[in-house]
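Here's a quick walk through one model, with an eye on its helices and the places where its chains meet. Have the structure open while you read.

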Amino acid sequence: MEGELAHIGAGIAGLGTGIAALGVGNVAGNFLAGALRNPSAAGGQTATLFIGIAFAEALGIFSFLVALLLMFAV
Amino acid sequence: MADEAHSGGGLEFHPLDQFEVKALFGDGPIHWYTLTNVTAWMALAVICIVLLLVVGTRKRAVVPGRTQSVAEMAYGFVYTMVEDVTGKDAVKYFPYIFTLFIFILFSNFLGLLPMSFTTTSHIAVTAVLALGVFLFITILGFVKNGPAFLKLFWVSSAPLALRPVLAIIEIVSYFVRPVSHSIRLAGNVMAGHAVLKVFAGFAQVGFLIAPFAILGVVAIYGLEVLVAFIQAYVFTILTCVYLKDALHPSH
Amino acid sequence: MADPVVEHGAEAGGAAMPQLNPDYFSNQIFWLLVTLVVIYFILSRVALPRIASVLAERQGTITNDIAAAEELKQRAQEAEAAYEKALSDARAEAAKIVDDTKAEIQTQLDVELQKADAEIAAKTAESEAAIAEIQAGAADAVKTVAKEAAKEIVAAMGGTADARTVTAAVTARMKG
């Protein structure tokens with residue numbers, strides 16, 4: 001029973017990865033919108049873009065990790 | 001999933017078997033000195049790095065050949081990154097940062113070979129990398145700035161009443177850095193490889209599903225090639241960002 | 001592919017994820033540190049200085065080439081400037097010659113014109129003098145004739161004409 005609950009929890013935690021995807025899409029989309037308005041400034045900001053994506057994605061990876069822990073370690 | 005492995009019939013997914021650490025010779029227990037597949041793939045990464053950066057540039061041609069231009073491109077890529085993100089005074093830490101970048105890059109790409117073992121998918125490995133960066137930057141910050149390094153947590157541009165709260169947040173986020181730094185890399189690589197294995201597992205369902213499964217594997221593989229590079233890039237650029245904090249804590 | 005270690009871990013209900021198996025940690029950490037140290041030394045001793053020197057050498061070559069090209073360009077510009085100068089000098093010279101010649105011709109022309117004018121003036125004056133003389137002569141003759149005639153007419157009519165009166169009258173008439 002406990003194992004089943006853990007699997008359900010893993011599923012719920014897995015949702016977090018999808019929600020993090022929203023964040024990543026938000027970052028990338030806003031970057032593109034800004035880049036199209038001012039293309040000359042876009043080139044210098046790709047590093048910032050990747051840093052933002054990395055931070056947004058890290059939290060999704062955390063929930064993925066929680067899911068994995070629930071599946072295999074609990 | 002572990003239960004399914006015992007049931008025999010039906011789908012058999014073993015997406016995590018690829019991460020198993022195995023002794024190269026014999027089945028004995030794994031001690032810290034045992035030659036394992038970790039050793040083998042890390043050694044392979046070292047060989048590839050030597051081939052690219054040492055053997056590839058041995059001619060020292062002014063007009064570079066193919067391998068040499070790739071080596072120079074990698075050098076220039078990381079060098080500009082360090083210079084742009086961290087500043088000119090960080091150039092003396094460039095070999096350390098380049099070591100991290102080239103090791104992660106080659107581990108990720110070698111891990112994409114079929115039947116290979118991905119060293120960077122292990123949290124133990126990335127945690128050592130991230131903790132190394134964390135300790136290096138903390139020690140460097142205190143050596144360079146003395147107690148003034150603590151100003152990093154005291155946001156002097158914020159209203160005075162908010163500063164203690166912000167200081168707590170800053171300290172927490174400072175100590176979360178190595179965690180997110182290591183888990184981001186390991187998690188991305190592990191997730192990608194596990195998904196590849198799961199898609200490959202679908203191929204055993206039947207002839208109708210198999211082509212789609214293989215198509216999915218190809219698509220995910222392409223994504224993973226991209227991720228392999230981007231994660232190396234992100235790890236490096238975050239190291240540069242953290243290093244900037246250590247060198248110039250008062251922004 | 002099922003490994004005995006996995007089976008064992010799964011049966012124990014514990015970590016089936018190889019990443020979380022603490023038995024593996026020391027091995028991985030040891031070999032990772034070895035790898036990193038090896039890479040660091042290879043890079044910092046051999047590879048990076050070599051690439052840096054190659055890049056610096058190339059940069060130097062490019063800079064030299066650019067400098068040489070710059071010099072050549074400057075020389076070409078100098079040559080062009082010299083050519084332009086020679087051309088403009090020649091133009092100025094030609095213009096000067098043209099001007100000189102023009103001025104000389106003008107002077108000569110002026111002299112000739114003046115001479116001609118003078119001659120014409122002289123001739124005109126001479127002719128005018130002659131005409132005036134002729135006119136004066138004619139007027140005198142007319143006066144003389146008129147006096148004579150007037151004296152004769154007066155005599156013929158029986159009066160004696162005072163010469164002075166006649167002369168005055170004739171002169172007055174001729175003026176009128």
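Right after α5(B) comes Gly146(B), and its phi is positive, near 65°. Bear in mind that this is a predicted model. The helix just before that glycine, α5 of chain B, covers residues 123-145. With 23 residues, α5(B) reaches 32 Å from its first C-alpha to its last, close to the 33 Å expected at 1.5 Å a residue.

How does helix α6 of chain B do on the same 1.5 Å a residue check? Helix α6(B) takes in residues 163-202, and its 40 residues should span 58 Å at that rate. The end C-alpha atoms of α6(B) are 54 Å apart, which agrees. Where does α6(B) kink? The kink, about 40°, lies at Val176(B), shortly before the proline Pro178(B).

Zooming out, chain B has 7 helices and 0 strands, so to speak an α-α-α-α-α-α-α run from the N terminus on. Taken along the principal axes, the C-alpha atoms of chain B fill a box of roughly 65 × 55 × 40 Å.

Chain B touches chain C and chain A, and the two interfaces can be set side by side.

| Interface | Residues in contact | Buried area | Share from carbon and sulfur | Salt bridges | Polar contact pairs |
|---|---|---|---|---|---|
| Chain C and chain B | 42 residues from chain C, 49 residues from chain B | about 4200 Å² | 73% | 1 salt bridge | 12 residue pairs |
| Chain B and chain A | 19 residues from chain B, 14 residues from chain A | about 1400 Å² | 84% | 0 salt bridges | 2 residue pairs |

Let's take the contact with chain C, where about 4200 Å² is buried between chain C and chain B. Which three residues supply the most of what chain C buries there? They are Gln19(C), Gln28(C) and Arg50(C), which give 16% of the area that chain C buries against chain B, more than any other three residues.

The rule finds 12 residue pairs in polar contact across this interface, both residues being at pLDDT 80 or more. On the chain C side, α1 (4-11) and α2 (25-156) each supply at least two residues of the surface that touches chain B. Helix α2(C) gives the most to that side, with 29 residues. By class, the side of chain C that touches chain B has 27 nonpolar, 8 polar and 7 charged residues.

What about salt bridges? The structure holds 5 salt bridges over all chains, and the count between chain C and chain B is 1. That pair is Glu72(B) with Arg58(C), their closest N and O atoms being 2.9 Å apart. The pair crosses between chains, from helix α3 (residues 66-86) of chain B, where Glu72(B) sits, to helix α2 of chain C, which holds Arg58(C).

Now for the contact with chain A. About 1400 Å² is buried between chain B and chain A, and carbon and sulfur atoms give 84% of that area. Across this interface the rule finds 0 salt bridges, along with 2 residue pairs in polar contact. Which helices of chain B each supply at least two residues of the side that touches chain A? They are α6, the helix with the kink at Val176(B), and α7 (210-247). The residues on that side of chain B divide into 14 nonpolar, 4 polar and 1 charged.

Definitions and conventions. Residues numbered from 1 in each chain as written. Chains lettered and ligands numbered in written order. Predicted model: local features only at pLDDT ≥ 70, side-chain atom pairs only at ≥ 80, totals over all residues. Heavy atoms only, no water. Contact = heavy atoms within 4.5 Å. Buried area = accessible area lost by both parts, 1.4 Å probe. Salt bridge = Lys/Arg side-chain N within 4 Å of Asp/Glu carboxyl O. Polar contact = N/O pair within 3.5 Å; in protein donor to acceptor, adjacent residues only side chain to side chain. Helix = DSSP H or I, 4+ residues; strand = E, 2+ residues; numbered from the N terminus. Nonpolar A, V, L, I, M, F, W, Y, C, P; charged D, E, K, R; others polar. Expected span 1.5 Å × (residues − 1). Bend = angle between axes of the 7 residues up to and from the residue.
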